[in-house]
Amino acid sequence: MKNWPLSIQISIVFAGLIIFIGVTLVTFIPNTLNSFFTNEIFTTIENSQLQMTNNYTPSENSLEQQQSEQNARSVNHVVLDARGNTIENAILPIQTLTNMYINARNQKEGTARYETLVQGQTIYYTISKIQILRPKGVEQGFIISFMWDSYRKELVHTLFSRLVQLMLFVLIGGLLLAFLFAKWLSKPIVQMKEHVHHIANRQWDEPMIVERQDEIGVLSQSIEKMRVQLKEQDKAQQTMLQHVSHDLKTPVMVIRSFAQAIRDGIYPNGTIEQTAETIENESKRLETKIKDLLYLTKLNYLAQQPTMDETFNVKEVIEEVYSQFQLQRADIQFELSLLSITITGDREQWRIAFENIIDNALRYVNNIIKITMNKEYGQIIISIWNDGPTIPDDEVEDLFKPYTKGKQGNFGLGLTIVKRIVDIHNAEITVFNRNHGVEFLFRIPLSNNE
């Protein structure tokens, strides 16, 4: 059944539930009704018997007439003396009266209930002990009050018929409501299925709108959010491909044109050495861009895989990167205030992250780069600040996106690589315009043993 449409499954579940309830009612209600109305008959007989007095009017009705009258829920009475003689005679067979008298003689209680068959019909009767006033005195007697079962049977049959009709109505109505409810419930699911199919085929321009607040509505909102993210990602990929092709094309064109010029005996930079140096610089530039692109692709893959963690000292990694740049830029003043703290993660990735941030700072710094480290609230706070020009507010949010163009017109992947590394390690990086400069702030979770 799990492979059937959802509307059919819901309809079957509703139908099964209704049928189960119906079968249960049909099975147990007849006995319940019989027991209830039998008790009601005896209660009626006893109440009528209590109203009896010793002034009796003999009845001359026939047995058939009595049974007919019982349909009106009437009660008849028979009075017997201690010897079994009938004082008040409702017409009943002699054998029935004899059995009633025997029950009366054997009865220990003041009042008791009985039932018996008379000509194939059930009668219910009660026997109560009474005192009969005679001219010679008072003697013990018995009053027998009875009703025919025809009333109960008719009432139970009528109620049961009505119940069956009601159950049929409930079953048909329930099936109809179940079908309508199933169609209503499955409609947005069908829409979501078609929408996901469109997304799978990269057709994500049409938004998905399901105006519901239940679990289906939450699911549709998640699908719509996924559609928007995939659309933005596709747009970013297309933009990135354009930037990559443009960024790689420039050094390739320079290398080709300079190589062609040398072959023709022309030296664009004056001498062959200077021209060869230009070709070498453009080759290094091309190599760096290809290396960054491949490393970013690698990080995107590693983000989906379990990380290979190792424990290392963050201070040592930053000092290693600082030593590298200090030799290259002796004109820049570095101020370091570091703590010896160990974390768990990929040491090489963090080295590249710090290297890219410091390299970015060196492009814009005027005189000073400050690197500080603090520990608070279970995390390391690392600040890398430079006194270069501030970043326009409209560029801050896009700073870590691939090939974001900076103020100097340069495209790059350095900050994007940093963001990927930070995300892989469940850390955070933010950028602020602060103290007449720009600050990059890392928040790295501490190891459990710190």
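Visitor: How many salt bridges does a search of the whole structure find?
Guide: This is a predicted model, in which local features need pLDDT of at least 70 and side-chain atom pairs count only at pLDDT 80 or more, while totals for chains, interfaces and linings use all residues. Residues are numbered from 1 along each chain as its sequence is written, and side-chain values use heavy atoms, leaving out hydrogens and water. A salt bridge is a side-chain nitrogen of Lys or Arg within 4 Å of a carboxyl oxygen of Asp or Glu. In the whole structure, the number of salt bridges found is 10.

Visitor: How many helices and strands are there in the protein?
Guide: Both are DSSP runs, numbered from the N terminus: helices are H or I with at least four residues, strands are E with at least two. The protein has 10 helices and, as for strands, 12.

Visitor: What percentage of the 450 residues is buried?
Guide: Buried means under 20% relative accessible area, exposed means over 50%, and partly exposed is in between, with a 1.4 Å probe and protein chains only. Of the 450 residues, the buried share is 37%.

Visitor: Which helix gives the most to the largest nonpolar core?
Guide: A nonpolar core is a set of buried Ala, Val, Leu, Ile, Met, Phe, Trp, Tyr and Cys residues joined through side-chain atoms within 4.5 Å. The largest one has 44 residues, and Trp 350, Phe 354, Ile 382 and Phe 442 have the most contacts inside it. Elements that each supply at least two residues include α7 (314-328), α8 (347-364), β10 (379-386) and β12 (437-445). With 8 residues, the helix that gives the most to this core is α8.

Visitor: Leaving aside neighbours within four places in sequence, which residues is Phe 354 in contact with?
Guide: Contact means heavy atoms within 4.5 Å. With neighbours within four places in sequence left out, the partners of Phe 354 are Val 314, Val 317, Ile 318, Val 321, Ile 382, Phe 442 and Ile 444.

Visitor: Is Asn 360 buried or exposed?
Guide: Asn 360 lies in helix α8. Beyond its neighbours within four places in sequence, Asn 360 is in contact with Leu 415 and Phe 440. Because its relative accessible area is 10%, Asn 360 counts as buried.

Visitor: How far apart are the closest N and O atoms of Arg 351 and Glu 355?
Guide: These two residues are 4 apart in helix α8, which means a separation of about one helical turn. Arg 351 is buried, as is Glu 355, and a network of salt bridges links both with Glu 348. In the salt bridge between Arg 351 and Glu 355, the closest N and O atoms are apart by 2.6 Å.

Visitor: Which residue forms a salt bridge with Glu 224?
Guide: The two residues lie 3 apart in helix α5 (residues 215-263), about one turn of the helix. Both are buried. With the closest N and O atoms 2.6 Å apart, the partner of Glu 224 is Arg 227.

Visitor: Is Asp 331 buried or exposed?
Guide: Asp 331 forms a salt bridge with Arg 329, the closest N and O atoms being 3.1 Å apart. Arg 329 is at 26% relative accessibility and therefore counts as partly exposed. Because its own relative accessibility is 54%, Asp 331 counts as exposed.

Visitor: How many of the 8 residues of β10 are buried?
Guide: Two strands pair if DSSP finds at least two bridges between them. β10 pairs with β9 in the antiparallel sense over 8 bridges, and with β12 in the antiparallel sense over 8 bridges. β10 is largely enclosed by the rest of the structure, because the number of its 8 residues that are buried is 7.

Visitor: Which residue in the turn of the β9 and β10 hairpin has a positive phi?
Guide: In the pairing of these strands, Thr 372 stands opposite Ser 383 in β10. The hairpin has 2 residues between its strands, and the residue with a positive phi, about 55°, is Tyr 377.

Visitor: Is Leu 177 buried or exposed?
Guide: Leu 177 is found in helix α4 (residues 150-200). Because its relative accessible area is 60%, Leu 177 is exposed.
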